[in-house]
Number of protein chains: 2
Amino acid sequence: MTQSPNRRMGRPRAVTEQAILDAALSQLDTGGAASVSVRGIAAQLGIAPNAVYTYFPNKAAVLRALVERFLGEVNHDRFADRQMPWRERVEALALELRTRLVAHPGAVHLLLGGPMDGPNALMLRESLAGVLADAGATADDAARASYVLVVYVLGAIALEVAGLDHADLTESERITTRRATLDTISTTTYPRTTSTAATVAKYFTTEQFLWGLTHILNGLAPTPEAPAR
Amino acid sequence: MTQSPNRRMGRPRAVTEQAILDAALSQLDTGGAASVSVRGIAAQLGIAPNAVYTYFPNKAAVLRALVERFLGEVNHDRFADRQMPWRERVEALALELRTRLVAHPGAVHLLLGGPMDGPNALMLRESLAGVLADAGATADDAARASYVLVVYVLGAIALEVAGLDHADLTESERITTRRATLDTISTTTYPRTTSTAATVAKYFTTEQFLWGLTHILNGLAPTPEAPAR
DNA sequence: TGACTTTCTGTACGACGTACATATTGTGGA
DNA sequence: TCCACAATATGTACGTCGTACAGAAAGTCA
C-alpha cells in the first residue's frame, strides 16, 4: 500500500492515498455510506477507476483506512490532561467523538462494520482505559468500562444518525405503489437537508446523549471519585 | 404489499411474503448482510428475480420487513412478569435480544441501519420503558433510560459481531497491523483472542455484556430498588 | 539511448437492483 | 360454457458496481 520513500522509480503517482480518502469522505458526506463507490472516487480525482487499486487492494481497504484516519484525528490532549477530574476527561472524549461523527454521519456504519482493531482505534481504547485506571480502577475493570463506554458512544450515534436518515429515506420508500415510476425518486441521491426539525432533534439527542453518559458513569463509579471497583 | 383477503382474483401467488423473508434470513445467516440479494432470494425460491417486486417495492423494504418480523418474535412474556424484580426483567430482555442477534449476526447492521420505527420496535421500547416505570421512574426518565439500554444492547452486539467476522477480510495487511499494534499495547487492555475458538470469545463477551449491563443498571438506579430519579 | 520499474488506462466480465413489456393463470359475469 | 379481467410471473434490458487482466505511458538509472 505505502511505498518506501527510498524506492523512487517508475511512473510517478497521479494522486495520493490521502486524496483518495478525501474523495471517499466527500462521497460519504454528500451521499451516505451506500453511495461511496470506487468509480465515484476515481471520477472525482480524474483518474481511471482501477487506478485506485494501486493505492488500496480493494474498496474495503479504502474504507478501513478512512476509519483509521478519522480516529487518528481525534484530539487526545483534552482528555489526556490528568489535572481534570476523570469524569470530565471521559465526557470530553465522548463529546469530541460525537461531534466528529455527527459531522460525518455515514462514518458510523463504517466504524461499527469493522472490527475496530486498527492502531488508532486501539490507542483510543487504550487512552480511555488509562483515564479510568488513573481514577483508581483496576486494569481489568478499566478495560471493561472502556468497552462499555465505546459501545455507548458508538451505539448512541448510530441510532441517532439512523433516526436522522429517517426523514430522508421515508419520503422515497413510502411510495410503495407497485411499479412506481422512477422519475419521482432516484434512490442513489439523498438530499440530506438540514431542516429545523433535524436541528431540534440534534440538540435533543445531545442532551439525551449526555444524560445517558452521566448515568453510565454513575454506574461505573460506585464512589464519586473513582470508577468501577 | 399485503392484499386484502376479500379481494381474490387473478393469478395466484407462487410464494408468500414470509417465504421471501425466510430466504432473505437464510442468505443473511450464511453469507452475511452484504450477500443478501434479490436475485439470490428469487433463486432460492425458484422464481424470477423481479417476481419479488410483487411482494415488496424494493430490497430495502424486504430488509425492513425482516427486521420487523425479527423484533416481533422477541418473547415479551419473560420480562412482562411484574412479579420479578425490574433488574431481572430488563436483563431477561437484554439477554434474549442478545441471544437472538448472535444467532443472526447479519441482522445487527440492519437494526442499526434503519430508524427502528416499526410497530414491533416501538412496542419493544415501550415495554422496556414500562418496566422502568413500574420500578418507580418518571415517564421521562423511563424513556431516557430505555433509550440508553437499547443503545447499549445493540451497540454491544454490533461491536461483538464486528469483531467476530475478521475472517472474511483480506488477511495480508490485517494480520500485520494487528500484530504491530498488539505488541505496543498491553494485553490487559482488551484481550481479543484470535487463536482460541470462537466459543471462548463468545462466552467472554457474554460475561462482558452482562458486566456492562449490570453497571449501567447501577447507574440508572441510584437506589437498589428503583431506576433513575 | 535503452532497459527496467511503477503506475495508469482500455477493456471486459459477472453480479446487482429494478423498470418495462408481455405472457400466464385463476375468477366472476355473460 | 366461455370470455374479459385482474393479479401475478417471466423475458429482457439498462445502468451501475467491484475488480481482474493486458498493455500503454512515464519516469529513473546504467
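A polar contact is a pair of N or O atoms within 3.5 Å; within protein, one atom must be able to donate a hydrogen and the other to accept it, and residues adjacent in sequence count only if both atoms are side-chain atoms. The exercises below use a predicted model, in which local features need pLDDT of at least 70, side-chain atom pairs count only at pLDDT 80 or more, and totals for chains, interfaces and linings use all residues. Residues are numbered from 1 along each chain as its sequence is written, chains are lettered from A and ligands numbered from 1 in the order in which they are written, and side-chain values use heavy atoms, with hydrogens and water left out.

**Exercise 1. Describe the protein surface around DNA strand D and list polar contacts to its phosphates.**

Step 1. Collect the residues near the strand, where near means that a heavy atom of the residue lies within 4 Å of it. This gives 28 residues, with A:R39, B:R13, B:A14, B:A48 and B:N50 the closest.

Step 2. Sort them by class. Ala, Val, Leu, Ile, Met, Phe, Trp, Tyr, Cys and Pro count as nonpolar, Asp, Glu, Lys and Arg as charged, and the others, Gly among them, as polar. The surface near DNA strand D then has eleven nonpolar, eight polar and nine charged residues.

Step 3. Split the strand atoms. Of those within 4 Å of the protein, 59% are sugar or phosphate atoms and the rest belong to bases.

Step 4. Look up the phosphate contacts. An N or O atom in the side chain of A:Y53 is 2.8 Å from a phosphate oxygen of DNA strand D. For the side chain of B:R13 the distance to a phosphate oxygen of this strand is 2.7 Å, and for a polar side-chain atom of B:Y55 it is 2.8 Å.

**Exercise 2. Repeat the analysis for DNA strand C, including contacts to bases.**

Step 1. Around DNA strand C there are 29 residues, and A:A14, A:N50, A:T54, B:R39 and B:Y53 come nearest.

Step 2. By class, this surface divides into twelve nonpolar, eight polar and nine charged residues.

Step 3. Sugar or phosphate accounts for 61% of the atoms of DNA strand C within 4 Å of the protein, and bases for the rest.

Step 4. On the base side, a polar side-chain atom of B:R11 lies 3.3 Å from a base oxygen of DNA strand C. The side chain of B:N50 has an N or O atom 3.3 Å from a base nitrogen of the strand. On the backbone side, an N or O atom in the side chain of B:S37 is 3.4 Å from a phosphate oxygen.

**Exercise 3. Find the largest and second largest cavities and characterise their linings.**

Step 1. Set the criteria. On a 1 Å grid over the protein atoms alone, a cavity is a set of points where a 1.4 Å probe fits but cannot get out, and lining residues have an atom within 4 Å of a point. A volume is the space filled by probe spheres set on the points, which are joined across faces, edges and corners.

Step 2. Search the whole structure: seven cavities of 30 Å³ or more are found.

Step 3. Take the largest cavity, with about 160 Å³ of space. Its lining has 16 residues, and B:L97, B:L124, B:L128, B:V150 and B:V153 lie nearest its centre. The elements giving two or more residues to this lining are α5 (86-103), α7 (119-134) and α8 (139-164) of chain B; helices are DSSP runs (H or I, at least four residues), numbered from the N terminus. The lining has 15 nonpolar residues, no polar and one charged.

Step 4. Take the second largest cavity, with about 100 Å³ of space. Among the residues that line it are A:L71, A:M116, A:R125 and A:V153. In chain A, α7 (119-134) and α8 (139-173) each supply at least two lining residues. The classes are nine nonpolar, no polar and one charged.

**Exercise 4. Locate the aromatic pairs and state the geometry of each.**

Step 1. Apply the rule: rings of Phe, Tyr and Trp (its six-membered ring) pair if their centres lie within 6.5 Å, and planes under 30 degrees apart count as stacked, over 60 as edge-to-face and the rest as tilted. The search finds two pairs over all chains.

Step 2. In the pair A:Y152 and A:F209, the ring centres are 5.5 Å apart and the planes are at 15 degrees, so the pair is stacked. A:Y152 is in helix α8 of chain A and A:F209 in helix α9 (residues 196-220), 57 residues apart. Both A:Y152 and A:F209 are buried, where buried means under 20% relative accessible area, exposed over 50%, and partly exposed in between (1.4 Å probe, protein chains only).

Step 3. The pair B:Y152 and B:F209 is stacked, with 5.5 Å centre to centre and 20 degrees between the planes. B:Y152 lies in helix α8 of chain B and B:F209 in helix α10 (residues 198-220), so the pair ties together parts 57 residues apart in sequence. B:Y152 is buried at a relative accessible area of 0%, and B:F209 is buried at 2%.

Definitions and conventions
1 Å grid on protein atoms, 1.4 Å probe; cavity = no way out; pocket = protein on both sides within 12 Å on 5 of 7 lines; lining within 4 Å.
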